[in-house]
Amino acid sequence: MSDENCKAEAKLIGNRATGFQTGNTEHKWDLAALRASHVVLAEYAYEKKPIVKGYAGRTLYVDLTKKEIREIPITEDMKKKFTGGRGFGLKLLWDSINPSTRWDSDENGLVLTAGPMCGSTQYPGFGKSLALSVSPSTDIICDSNAGGYFAPYMKFAGFDAVQIHGKADEDVIVLIDGVEGKVRIETAPGEETNSHVLAEQLTHLYAFEDSEKGKQGVAVVSAGTGAENSYWGCLNISFYDIRRKVARLKQHGRGGLGTVLRHKKIKAVVSRIDEFDATTNDAIDLDKIAEIGANYHKEMRDLDKDQCNMRTVGTGHLVEIMDAYDLLPTENYRFGQHPKAPKIYSPHFYKLWTQVIPDGCWYGCTMACAKAADGYTVMTGPYKGHKVTVDGPEYETLGCSSNMSIWDPLWVLEFNFYCDTYGLDTISTGTAIAFYMEMYEYGILNKERCGGLELCFGNADAMMELLHRMAAGDDDEFVKIAGKGARRVKDWLKIKNWGDQQLIEDCGMESKGLEYSEYVTKESLAMQGGYGLTLKGPQHDEAWLIFMDMVNNQIPTFADKAEALHYFPMWRTWFGLNGLCKLPWNDVEPADNAETGEPAKVPGHVQNYVDIQNAITGWNVTKEDLILQSERAYNWQRSMNVWMGRGRRADDWIPYRSMGPVTRLEYVSRQEMYDKQMVEDIGVPADSLEAMSIEDRMKMMYHYRQNRYQKLADAVYFRRGWTHNGVPTVQKMISLGFADETKMLEMLQQKIDEDEAAGLNTWGGDYVGDEKPPTDDAKYWEKW
Amino acid sequence: MTTVKIIKFDPSKCDGDLACEKACSNVHHKNENGGEWSAIRIIKGDTGLVMENCNHCGLCIDMCPVQAIRRLGSGTVVINKKLCIGCQACVGFCSSEVMRKAPAVITPFKCISCGKCVSACPNGALELVEVDLEEVEETVYHKQGVC
């Protein structure tokens, strides 16, 4: 956009005196009737207390089956071991579930947490909630973070976390009422289930007064009918936008947590407050945070437009970068770029997103990446013809469209809108459907097998129809199994004996049962580990090492990659312990960042976080202590995975599509590069390569890359302080401060002994010639 | 034409005694400290004395997540301290860096064109002048990362 147009647009919106008009469809609800239809099933009155140095000092326990509500005090020991946020969530679940608990078990808990830094307003990205539960996709705990106002309001209302167990008999709302100091379970028979309407209704219904401030004081956690009928359920977290006058939505996307919400018959969890300000989080040195925050805002002001341009297009700017580097997944990750990709480059969305609005999903976030398209006219399904505000699309949603070969920005918005309102994770939905589309191309699926849907690449109508039928509870065999995700569809295709089983296994982009997020990792071994050697499954939450590894070649050896796969997952975990967003860490970097010793770590911003944690809590931590906080939670979660039967080497398996070319078409599409690797990396003499068929080259590359991944796992397990088979060792846990956690330590020792008896405490890689595993010592951890 | 009153500074008449700053900090903080307690600042630059003060461009209005900042009918941009949540977005983004934060006071403050500094100056170095608002706005908007 030219400067001239830009100025015109900025003035048009920036100077409005009476508020921005979205042009959305106006709804008229009988709020009094909705309110009157609620029956209070249980109520708990609590004493309202101020936050002390970032902590409310107690968590909330709700059992829907028993209609029980109580509070649990937070101990200093819990703060020390688990910090807060995701760490607290892990501890609360450890204390309340068992190894055989599954997503739909009565005792499974849905935990929503804040963190000690959550709710401060002086630095961008301080409003995240962390949600945890046993996932329907993976059968282990999934943690997922989201913006929106819920977690800060829950904390200011009085609780660092809420855990909800059991199942209601009918649709209920759990209200955490910081205005009256009450927690209520009340029925909600009349409200809509889908989020874009429900969040709006509840925002009006629970506002403490009929004003903009009243509506701003409400935050709603909801899912939708898609979450009820699939394993892809996300949690939508609302935040009322006072300029658009719309309850907007951010998502806990991954792992089916919305499915858990709806299974418990929770229509919504609501937190509300009537007052908060800069001092509510009770930082001991507010001036310090304000100074750091103001300096950061200046960096954003001066540098963002020439770095990531987050303030204008959010994470959408990544599409053109990924396409340029052959990393944008297209046609189910077969390729990394596409001639049509420029159609969904971020400039196309600039026109669709309303600009010059402080689009932070928590107050004070000047990165403002929560972009929104206002007055979008819905093209299909039950809301066809309605004008709505669509939150996003963010990069991952755009990557899903690319993966499904959908190249029209309006169809991207359509997909984004319905995923959100139906309570579906765009990532799992898009990645899985891209897999189904590839299976359709090979004839493994067809129109008859897909319930009458022509689910080929690029067919946006069929894709949307699948979502609508799924959300409507269609009982067609394919529609039902499709919503359970790529892993279940793989198993279903095998049972049906449709197609080559190895091809199916290699193409479906899931690991641990969770679908991949949207990066092509074939040429970055470190990023293969970044997806595979993770706690909850393949996502970009823990590590994003593609540029360090592939483009800049900064981590060439296994040990280098292992160090990165130790540091970055620990560093990124830290944000979730504190209720923070990661993006402000490195999506804008200080002007002198490149001149620092370790630019990938963005040391200047790391120091900001050290200083702010100290300024809020009164602790005296160093940057090393932040990693230690993360290591505790990270190892605890891996140990819980082991406990639940999914935390060993075999569980860190990844599909070959993420490692290399599965099909001849993929090999041929980059034959020059692959042939070069055959000679230089694998050691095939150049003059004998010509004699090999493409299939033989692919087979040799397959074994080479599989072995390389196992060697990487060896190095990473060793670096993280785990056994050969990926189990956290007792010695490691004691060094992290868990010496008195007897139940955990005994469980781990038992699992390690079982692995020993089964001969699994051996390295996974095949080492030849001069190659060496991380150590030859069979019980290396006993010396720690 | 919409106008706004801004402070104009004539360095040749300034004695550097900072009576303006003291008057300003009295308006905002009920003290006579001047300096970081004052919205208007007179600074010694390489080429002599310069004034750093708000020109009421209004970028801060669009930065505020709680709409605590608004433009009055007179054109003056003001902060509603009851609504402010102290995020410092306006402080960090102000293109002239004249949205201020005083020590131990989390809510920012800024020039409200009250004219107390003008009347406090014994030498007539300051005056309130009326300018075209559109011209003020054009100088800042498109350079602030908003497009």
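Start by selecting chain B of this predicted model and drawing its surface: the accessible area comes to about 6,700 Å², and carbon and sulfur atoms account for 49% of that area. With the same chain still selected, colour the residues by burial, and 52% of its 147 residues will fall into the buried class.

Next, switch chain B to a cartoon, where five helices and six strands can be picked out. Followed from the N terminus on, these elements come in the order β-α-β-β-α-β-β-α-α-β-α. If a box is drawn along the principal axes, the C-alpha atoms of chain B fill roughly 40 × 35 × 30 Å. The radius of gyration of chain B is 15 Å, which agrees with the value near 15 Å that a compact globule of 147 residues would have. Turn on the contacts in chain B as well: among those between residues at least 6 apart in sequence, 59% join residues at least 24 apart.

Now leave the single chain and look for enclosed space. Rolling a probe the size of a water molecule over the atoms shows where empty space is left. Counting cavities of 30 Å³ or more gives eight, and the largest cavity holds about 170 Å³ of space. To centre the view there, select A:Tyr149, A:Arg243, A:Pro358, A:Gly360 and B:Pro65, which are the closest to the centre of the largest cavity among the 20 residues that line it. Then highlight strand β11 of chain A, residues 235-241, since this strand gives the most to the lining of the largest cavity, with three residues. Coloured by residue class, the lining of the largest cavity divides into 13 nonpolar, four polar and three charged residues.

Move on to the second largest cavity, whose volume is about 110 Å³. Of the 13 residues lining this second cavity, the ones to select are B:Cys54, B:Cys57, B:Cys60, B:Cys94 and B:Val98, as they lie closest to its centre. The same colouring by class divides the lining of the second largest cavity into seven nonpolar residues, five polar and one charged.

For the last stop, go to chain A and select A:Thr557, which is found in the loop between α22 (546-551) and α23 (558-578). Is this residue buried, partly exposed or exposed? A:Thr557 counts as partly exposed because its relative accessibility is 37%, and the partly exposed class runs between the 20% and 50% cut-offs. Finally, add A:Asp491 to the selection and draw a distance between the two C-alpha atoms: A:Thr557 and A:Asp491 are 66 residues apart along the chain, and their C-alpha atoms are separated by 36 Å.

Notes:
Residues numbered from 1 in each chain as written. Chains lettered and ligands numbered in written order. Predicted model: local features only at pLDDT ≥ 70, side-chain atom pairs only at ≥ 80, totals over all residues. Heavy atoms only, no water. 1 Å grid on protein atoms, 1.4 Å probe; cavity = no way out; pocket = protein on both sides within 12 Å on 5 of 7 lines; lining within 4 Å. Points joined across faces, edges and corners; volume = space filled by probe spheres on them. Helix = DSSP H or I, 4+ residues; strand = E, 2+ residues; numbered from the N terminus. Nonpolar A, V, L, I, M, F, W, Y, C, P; charged D, E, K, R; others polar. Rg over C-alpha atoms; globule rule 2.2 N^0.38 Å. Buried < 20%, exposed > 50% of the residue type's maximum accessible area, 1.4 Å probe, protein only. Contact = heavy atoms within 4.5 Å. Areas by Shrake-Rupley, 256 points an atom, 1.4 Å probe, with all protein chains shown as cover.
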